[in-house]
Amino acid sequence: MATGLIAGIVMYYLQVYGFYDRLPETAGEELTLTNLATGAPEPMLVEAFEGIDASSSPLRYRACFTTPMSVAMLTETFVTYDAPEPLVAPGWFSCFDAGRIGADLENGTAFAFLSRAEIHDGVDRVIAVYEDGRAFAWHQLNEKFRD
């Protein structure tokens with residue numbers, strides 16, 4: 001019984017804390033948006049970046065930041081993302097609330113854009129932006145693996 005309890009605690013720790021690494025603020029410089037006209041990724045203006053990632057899965061990437069880029073300009077210039085599904089972040093990464101972001105995407109108070117298609121095989125990077133400049137990024141499975 002003790003072995004099972006210890007194994008359970010270790011598994012919980014590894015899933016919630018063990019595999020994640022905090023990203024440096026400079027990682028925000030790597031965020032891009034896909035241009036509508038060219039289909040090429042272009043750098044995004046990013047401030048106050050906080051992010052996490054893990055080498056154990058391409059789906060563990062999450063980021064919170066702000067941008068001075070307006071939603072009006074973004075929707076005219078960059079590719080929107082049709083089926084955004086923010087994935088839940090560990091509780092200790094409190095700036096990223098997937099449930100709230102998802103609800104705001106559904107009700108139109110946040111707007112989703114394609115950051116980069118196939119950032120990993122079958123995985124896209126998606127960025128949600130609010131009118132007030134708050135923005136969130138995550139990786140999600142694309143059509144290749146959703147069907």
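**Exercise 1. Secondary structure and burial**

Determine how many helices and strands the secondary structure of the protein comes to, in what pattern they follow along the sequence, and what share of the residues counts as buried.

Solution. The structure in view is a predicted model, and its secondary structure comes to four helices and eight strands. Read along the sequence, these elements follow the pattern α-β-β-β-β-β-α-α-β-β-β-α. Turning to burial, 40% of the 147 residues of the protein count as buried.

**Exercise 2. Three residues of strand β4**

Examine A48, E50 and I52, and describe what can be said about the backbone, the surface and the burial at these positions.

Solution. Begin with the place of E50, which is in strand β4, a strand that covers residues 47–53; A48 lies in strand β4, and so does I52.

Next, take the backbone at A48, where phi is positive, at about 50°, although the residue is not a glycine.

Then compare the accessibilities with the cut-offs, by which a residue under 20% is buried, one over 50% is exposed, and one in between is partly exposed. E50 has a relative accessibility of 40% and therefore counts as partly exposed, whereas I52, with a relative accessible area of 0%, is buried.

Finally, look at the surroundings of these residues. E50 joins E25, E29 and E30 in forming a negative surface patch, while I52 and A27, which are 25 residues apart in sequence, have their C-alpha atoms 9.8 Å apart in space.

**Exercise 3. Aromatic pairs**

State how many aromatic pairs a search of the whole structure finds, then work out the geometry of the pair formed by W92 and F93 and that of the pair formed by F96 and F136.

Solution. The search of the whole structure finds six aromatic pairs. In one of them, W92 and F93 lie 6.3 Å apart, centre to centre, with 75° between the planes, and the pair is edge-to-face. As for their exposure, W92 is partly exposed because its relative accessibility is 24%, whereas F93, at 1%, counts as buried.

For F96 and F136, the ring centres are 6.1 Å apart and the planes stand at 80°; since planes over 60 degrees apart count as edge-to-face, this pair is edge-to-face as well. The pair links distant parts of the chain, as F96 sits in the loop between α2 (71–77) and α3 (98–107) and F136 in strand β8 (residues 134–141), 40 residues apart. F96 is buried, with 5% relative accessibility, and F136 is buried too, with a relative accessible area of 8%.

As a last step, follow the ring pairs onward: they link F96 and F136 with Y130 and W138 into a cluster.

**Exercise 4. Salt bridges**

Find how many salt bridges the structure holds, and for the one between D104 and R100 explain how the two residues are placed in helix α3.

Solution. The structure holds two salt bridges. In the one between D104 and R100, the closest N and O atoms are 3.3 Å apart. Because D104 and R100 are four residues apart in helix α3, about one helical turn separates them. The partners contrast in exposure, for D104 is buried, with a relative accessible area of 5%, while R100 counts as exposed at 53% relative accessibility.

In the other salt bridge, the side chains of R134 and D132 meet at 2.8 Å, N to O. Here R134 is partly exposed, with a relative accessible area of 36%, and D132 is exposed, with 54%.

**Exercise 5. A loop residue and a positive phi**

Locate L36, give its separation from V79 in sequence and in space, and then describe the backbone at E118.

Solution. L36 is found in the loop between β2 (32–34) and β3 (41–43), and a relative accessibility of 48% makes it partly exposed. Although L36 and V79 are 43 residues apart in sequence, their C-alpha atoms are 5.1 Å apart in space.

E118 belongs to strand β6, which covers residues 110–120. Its phi is near 55°, a positive value in a residue other than glycine, and with a relative accessibility of 38% E118 counts as partly exposed.

Notes: Residues are numbered from 1 along each chain as its sequence is written. This is a predicted model: local features need pLDDT of at least 70, side-chain atom pairs count only at pLDDT 80 or more; totals for chains, interfaces and linings use all residues. Side-chain values use heavy atoms; hydrogens and water are left out. Patches are made of residues with over 30% relative accessible area and no salt bridge: like charges are joined within 9 Å, nonpolar side chains (Val, Leu, Ile, Met, Phe, Trp, Tyr) within 5 Å. Accessible areas come from the Shrake-Rupley method with a 1.4 Å probe; for residues, only the protein chains shown count as cover. A salt bridge is a side-chain nitrogen of Lys or Arg within 4 Å of a carboxyl oxygen of Asp or Glu. Lys and Arg count as positive and Asp and Glu as negative; His and the chain ends are not counted. The place of a charge is taken as NZ of Lys, CZ of Arg, CG of Asp or CD of Glu. Buried means under 20% relative accessible area, exposed over 50%, partly exposed in between (1.4 Å probe, protein chains only). Rings of Phe, Tyr and Trp (its six-membered ring) pair if their centres lie within 6.5 Å; planes under 30 degrees apart count as stacked, over 60 as edge-to-face and the rest as tilted.
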